[in-house]
Every structure is written in structure tokens, then in C-alpha cells.
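My notebook is open, and today I'm looking up how the parts of one chain fit together. I'll jot things down as I go.

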Amino acid sequence: MAFEILHELRPGGPRLGRLRTGRGAVDTPAFIPVGTNATVKALTPEEVAETGAQMVLANAFHLYLRPGPEVVEQAGGLHAFMGWPGPILTDSGGYQVFSLARMRTIDDDGVTFRSPIDGSAHRLTPEAVIDLQRRLGSDVVMPLDVCLGYPHELAEARAALEQTVRWAERSRAHHLRAGSGVLFGIVQGGFEPALRAEAAQRMAALNFVGYAIGGLSVGEPADRTYALLEGVVAELPPQRPRYLMGVGSVPSLLEGIARGVDLFDCALPTRVARTGIIFTATGRINIRNAAYRHDLQPPDPTCPCKACARTTRAYLRHLFASDEMLGPRLATYHNLFFLGHLVADAREALRAGHYEPWMRGVLARYTTAW
Ligand SMILES: [Zn+2]
């Protein structure tokens, strides 16, 4: 994999780039749709590509539990299994394991947990997580890390940082011996700026191909997220790609790009689409609202997607009110297209050298918090 910076407004500022992988290029800044179970829920791979996505994310933890890596391996890897020929990034599942608060125990060597599907006992170590992603055939591999909730004690954050760094060292060594794809490091460190900076420095010293920033946007105020992000970006090697995990609202995406982030993923745009929430240029709307019963405008009048070209708000509302499966499908397609189009416009503004005024204009029109 190679990462090329085509245009950078200033060090640590927004930048235009291209990530080249053996399975195709990703123009950055990019939004990566989430396909937890080897599917971006409700869409075919062709539809996902139509929305502008050049890479998808799958979750190694979920695929480990179901269908099991042996099934994916037998199919020829994740790309063949799910019918997506482009690059795939797999999340290690650290976040999901740590979400199983009462069902897991963590020790220095790894984490033991019970499957939320059938209660069976499992153990993941940093090495096992690298092996798992090799069996899946992932292009961009994430190491096992320790995720914190918000808020937390300083001592907890320190312990999580030390554990994450030790696991990153083991992951890196194992990946060099027996891995496939490229391995990113993950910067954790909680909400203390000094700990975050230290986490970034120690990960930078391990010389990863790219850097993920985890554990932000988990309930802390947005100003704090952006300040911590700036501190982390300042410590990372500038020529390596930066990936902000789990962030995908319109304001946080644009503010992240402004601070030099290249890659984003988030389940929010597709998750809320299935409940009838769609993004528009003036903010999100809930299409189930009675106000749209007679509204014959497209879901977002400014959006050039297929769903907006052929659908009205009244019809989309009717589909949701009738529990028709086309409703979630159209809403998902539109939301991903909306974000794909937004990052394409961001890249255009970067190329033209006026990203910040462009962003201020978009955010002035976008009147909802996310
Ligand atoms: Zn649309």
C-alpha cells in the first residue's frame, strides 16, 4: 500500500490524497461505509460503489463468531465471499469485545469473553486477531486495542494506554512474521490531552503504515473531540494516512477533514437510515414525520442520487409507515450517497485550495447537530 499526498493546505491541516492498495485506489478524504457482517445493510455491493464508496469496513469480531473464518476462507476470502472487489478494512473487534462489559475478562495476554450469539466461551489475543484478519483476507488490518468509555478515571486511561501499546508491539511483531495486508496502529489514550499525545508518540515510534484514532466521539463534547484530535495529529508522522474511527456525522466529518484526517467510518448514516432519518443539505430530517405526508419534493432536493431523482418525501414516508423494505433501502442508499458526494465536494474544494470557506458555507446551511 502506498499513500500519496496530492495537496496539503498547511502542515496538520486539510489535505487531498490517494491511498493505493492492491485492490484499487481510495481518494482521500474518504468515508468508508460500515459492513459489520460482510454486508452494508440493505444494499448490494454495486449500490455501495454507486454511492462513491471505494472501500468498505467489515468487523473481524462479528465474522469470527458468525459465519466463522473457516467459511470465509473456503469462499476465497472476504472479497469473494461478499462480492466486493475493492479494498476492505477490517476492524479488530476490540470495541465490540469491550462493549460486552459483563461478559468479558481482560488480562495482560488477551481477552476472554462469551459470545453474545450463543454464550459460548472465546479468547482473543493480539496475535489471534492478526491471524483472524489474515484468514479473512483483509487489506487494512487493525490490532486489538483497549477501548475506554466516557467518562473514565485517569488511572484507567493510563492502564488502557499501556496495555494498548504492549498489544500494538505484539501485533506488529506478529504481523511482520505472519500477517497479510497492511497493519495500522490505533491511538487511544482517553480524554487527557497529555495521555493522548503520549499515545500518539508511542504509536508513531512503532512505525505503522497508517494510524487510526480511536475512542473519540463517544459522548464527550465536540469541542473536546476536536482539541484532542488536533493534539494527536500533531504527533503522527505527516506522510502516513490518518483514520478517525467511528465518526461520520456531517459536522464531525468536515471538522475532522479540517484537522487533517484522511479516512472515516461510521455506522450512524446507515443505522439511522433504517429508522427513517435522512441527511439533507439543511440538516437531518425524520421522514416518518407527518409534515412530509403531502411533500412531493425529493428526499433532499439538492441531492443527485437515484433515490432522490425518482422518489418523493411523501412516497418515502409512505414506505416507512407501511413497513415496506424499500424504505430502508432507499434511505440507506441516499445517506451513503449524500456522504460520498460530500467528501467528493470536499476533495474538490481541497484541490481548488478553498476548503475552509467551503466548509463554513456547508455548515452554515446544515442546521442540525448531526
Ligand atoms: Zn439522495
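Entry 1: a starting point. I picked Arg170 and looked up its accessibility, which comes out at 23%, so this residue counts as partly exposed. I'm keeping in mind that this is a predicted model.

Entry 2: who does Arg170 pair with? I found its side chain meeting that of Asp109 in a salt bridge, at 2.9 Å from N to O. The two sit in distant parts of the chain, 61 residues apart. Asp109 is in the loop between strand S7 (104-107) and strand S8 (110-114), while Arg170 belongs to helix H7 (residues 154-178). I checked Asp109 too: its relative accessible area is 36%, so it is partly exposed.

Entry 3: more partners. I followed the salt bridges outward and got a network that links Asp107, Asp109, Arg123, Glu127 and Arg170. A reminder to myself: side chains of opposite charge can pair when their charged atoms come close.

Entry 4: another pair. I looked at Glu73 and Arg135, whose side chains form a salt bridge at 3.0 Å, N to O. This one also joins distant stretches of the chain, with Glu73 in helix H3 (residues 69-74), Arg135 in helix H6 (residues 126-136), and the two positions 62 residues apart. Glu73 has 38% relative accessibility, so I noted it as partly exposed. Arg135 has 30%, so it goes down as partly exposed as well.

Entry 5: the total. How many salt bridges does the structure hold? I looked it up and got 23.

Entry 6: the domains. The domain assignment splits the chain into domain 1 (2-266) and domain 2 (267-370). Their C-alpha centres lie 26 Å apart. Where they touch, 30 residues of domain 1 are in contact with 31 residues of domain 2.

Entry 7: the buried area. I wrote down first that the size of an interface is often given as the accessible area lost when the parts come together. Here, domain 1 and domain 2 bury about 2800 Å² between them, and 71% of that is on carbon and sulfur atoms. Which three residues supply the most of what domain 1 buries against domain 2? They are Thr51, Val250 and Leu254, with 22% of that area.

Entry 8: charges across the interface. I counted three salt bridges between domain 1 and domain 2. I also zoomed in on Glu50 and Lys306, whose side chains meet in a salt bridge at 2.9 Å, N to O. Glu50 has 37% relative accessibility, so it is partly exposed. Lys306 comes out at 36%, so it is partly exposed too.

Entry 9: the domain 1 side. For polar contacts between the two domains, I got a count of nine residue pairs. Then I listed the elements that give two or more residues to the side of domain 1 touching domain 2: strand S2 (15-21), strand S3 (24-28), strand S4 (30-33), helix H1 (45-50) and helix H10 (250-258). Which of them gives the most? That's H10, with seven residues. Sorting this side of domain 1 by class, I got 18 nonpolar, five polar and seven charged residues.

How values were computed: Residues are numbered from 1 along each chain as its sequence is written. This is a predicted model: local features need pLDDT of at least 70, side-chain atom pairs count only at pLDDT 80 or more; totals for chains, interfaces and linings use all residues. Side-chain values use heavy atoms; hydrogens and water are left out. Domain bounds come from an automatic or database domain assignment. Contact means heavy atoms within 4.5 Å. Buried area is the accessible area (1.4 Å probe) that two parts lose on being put together, summed over both. A salt bridge is a side-chain nitrogen of Lys or Arg within 4 Å of a carboxyl oxygen of Asp or Glu. A polar contact is a pair of N or O atoms within 3.5 Å; within protein, one must be able to donate a hydrogen and the other to accept it, and residues adjacent in sequence count only if both atoms are side-chain atoms. Helices (H or I, at least four residues) and strands (E, at least two) are DSSP runs, numbered from the N terminus. Ala, Val, Leu, Ile, Met, Phe, Trp, Tyr, Cys and Pro count as nonpolar, Asp, Glu, Lys and Arg as charged, and the others, Gly among them, as polar. Buried means under 20% relative accessible area, exposed over 50%, partly exposed in between (1.4 Å probe, protein chains only).
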